Amino acid sequence: MSTPENISRTEFKIRELEEKNQQALVGGGSDRIAKHKVGGRLTARERLEILLDPGSFVEMDRMVTHRSTNFGLGDNHIPGDGVITGYGRINGKLTYAYSQDFTVFGGSMSRTQANKILKVMNMAIKNGAPIVGLNDSGGARIQEGVEALAGYADIFLRNTLASGVIPQISAIMGPCAGGAVYSPSITDFIFMVKNTSYMFVTGPDVIKTVTHEEVTKDQLGGALTHNQKSGVAHFATDDDKHCLLMIRELLNFLPSNNLDDAPLFKTTDSPDRIDESLNTFIPDSSKKPYDMLEIVKTIVDEGYFLEVHQHFAKNIIVGFARFNGRSVGIVANQPQVLAGCLNIQASVKAARFVRFCDAFNIPIVTLVDVPGFLPGTDQEWNGIITHGAKLLFAYAEATVPKVTLITRKDYGGAYCVMSSKHLRGDVNFAFPTAEIAVMGADGAVNIIFRDAIKKAKDPVAEKAKLTSDYEEKFANPYVAAELGYIDEVIEPAMSRKRIIQALEMLRNKRDTNPPKKHGNIPL
């Protein structure tokens, strides 16, 4: 095309560039965008604008198009090929991101789309920065066949290589089905949007054909399903904007890579703050529940706790908080649910969280009130031994600073598992109300003194006396303290101050595991 006589060649080329950019910016066109936004969904570009600091996004590969000529694709090229990739900043920190555009070929994965995603993933790994993937795709581009599948597999490999090196965040903001689900599942945290996002390996139609079950997409793989039942997702958000803002908030607690320290923020909350309410918080009866979240919020900076996996395995609490400005990971038994017992779901939930914190140099604070592992044939037949060992393995392997506070019960194997001194716990505290023993007094007396109780003139009175004697000897933290397994029995009101002192003391901690390729965690 020749240059018009009334403008310079440079001006003509700039106009040409503007036209090409405009073509890329409209994606699949106004009609498809309007249809996409029904129900409050944002476009791929709008999502990036909310996720990243204003004006910080730099797009890469805007002009890329697919190379397929199969089934009429050769006559249909849209710049960008269904994904927007690039980098920007989140709260000032370099972050790479990609956002699939459902208005372009349904956001389907092509060979060239995969190449675009791989490019920013590689740059994120090289530059030590988090990567955020905004998933909204109908799956593999069927017209491309194995090339699309190869693109997925290449992404899975990068996810695996990046694991434990940089934080990887996935947001499911529309459909995510078939092979597409495996990339998010390898990443560190998955966000889902209620009512508009879903994940599943096989959809409702296939399930109906094969198993004759009838189920909706939302029931099968919606946000609440994966937050409450499967535990696949970590956060359920109200809408697209809420999802993106929550990702920004999570990244505030994380370092950019595995060589950085946990982030440090300014705080006005005194490290010497003492809260007398904790002195009367633990119920007198060891059988009475209480809300461990209240203790967590009382002792952390500004009472702010970002809970992870809030809707899944509620008998254990995990999430991020700050002590004297520095990020920490919190793991805590929840006596309000299943008495705080460890079961399969809780063990897996906590083990994954502990391993994440250890990978990214985030100290772990553990609050313990655990009567043991949940009994039952369902637990045993589904592998509580193996799954419980995951949590044990995670704590034992972790080399970050580990501070433990026992508030009440700490029985049996669960005592060992919950960041005990024997698993390289650095500082282990206990309240005076702590009960550290093989099991509760009632069960222990039934085993130890079974014959004596049977022979007694008054079995009820004899059992009561023996139970009282057992409680006096073992239902306290002092035997463990005498052995050095508890470093200090503290007044509950002093919890925040003592934990901060311990974390400050451990700031330069260095610990290593024996040289090896990797351990073989019980999977």
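Two strands pair if DSSP finds at least two bridges between them. The legends below describe close-up views of a predicted model.

**View 1. Strand S4 pairs with strand S5 in parallel.** Strand S4 covers residues 131-135, and 5 bridges join it to S5. Within this pairing, the bridge partner of Gly133 is Ser170 in S5. Ile131 of the neighbouring strand stands opposite Gln168 in S5. Between the two strands the chain passes through helix H5, residues 146-162, and this β-α-β crossover from S4 to S5 is right-handed.

**View 2. Strand S5 is covered on both faces.** The strand spans residues 168-172, and 5 of its 5 residues are buried. Gln168, Ser170 and Ile172 lie on one side. Ile169 and Ala171 lie on the other side, and these residues too are buried.

**View 3. Strand S5 also pairs with strand S7.** Strand S7 is formed by residues 189-193, and 4 bridges join it to S5. The two strands run parallel. Here Ile169 stands opposite Phe189 in S7.

**View 4. An open sheet is formed by 7 strands.** The order of the strands is S1-S2-S3-S4-S5-S7-S9, and their pairing is mixed. In this order S5 has S4 on one side and S7 on the other. The edge strands are S1, residues 58-60, and S9, residues 235-237, each of which pairs on one side only. From one strand to the next, the twist averages 20 degrees.

**View 5. Helix H3 lies across four named strands of the sheet, S1, S2, S3 and S4.** The helix comprises residues 44-51. Strand S2 covers residues 83-90, and strand S3 covers residues 93-100. Relative to S3, helix H3 runs at about 160 degrees.

**View 6. Helices H16 and H18 pack at an angle of about 115 degrees.** Two packed helices are described by the angle between their axes and the distance between the axes. Helix H16 comprises residues 441-448 and helix H18 residues 459-474, and their axes are 9 Å apart. The crossing of the two helices is right-handed.

**View 7. Residues of H16 meet residues of H18.** From H16, the residues in contact are Ala441, Asp442, Ala444, Val445, Asn446 and Ile448. They meet Lys463, Leu466, Thr467, Tyr470 and Glu471 in H18. By class, this contact has 6 nonpolar, 2 polar and 3 charged residues.

Note on methods:
Residues numbered from 1 in each chain as written. Predicted model: local features only at pLDDT ≥ 70, side-chain atom pairs only at ≥ 80, totals over all residues. Heavy atoms only, no water. Buried < 20%, exposed > 50% of the residue type's maximum accessible area, 1.4 Å probe, protein only. Right-handed = clockwise from strand over helix to strand, strands pointing away. Axes fitted to C-alpha atoms, helices over the stretch in contact; angles between N-to-C directions. Contact = heavy atoms within 4.5 Å. Left-handed = near helix turned anticlockwise from the far one by under 90°. Nonpolar A, V, L, I, M, F, W, Y, C, P; charged D, E, K, R; others polar.
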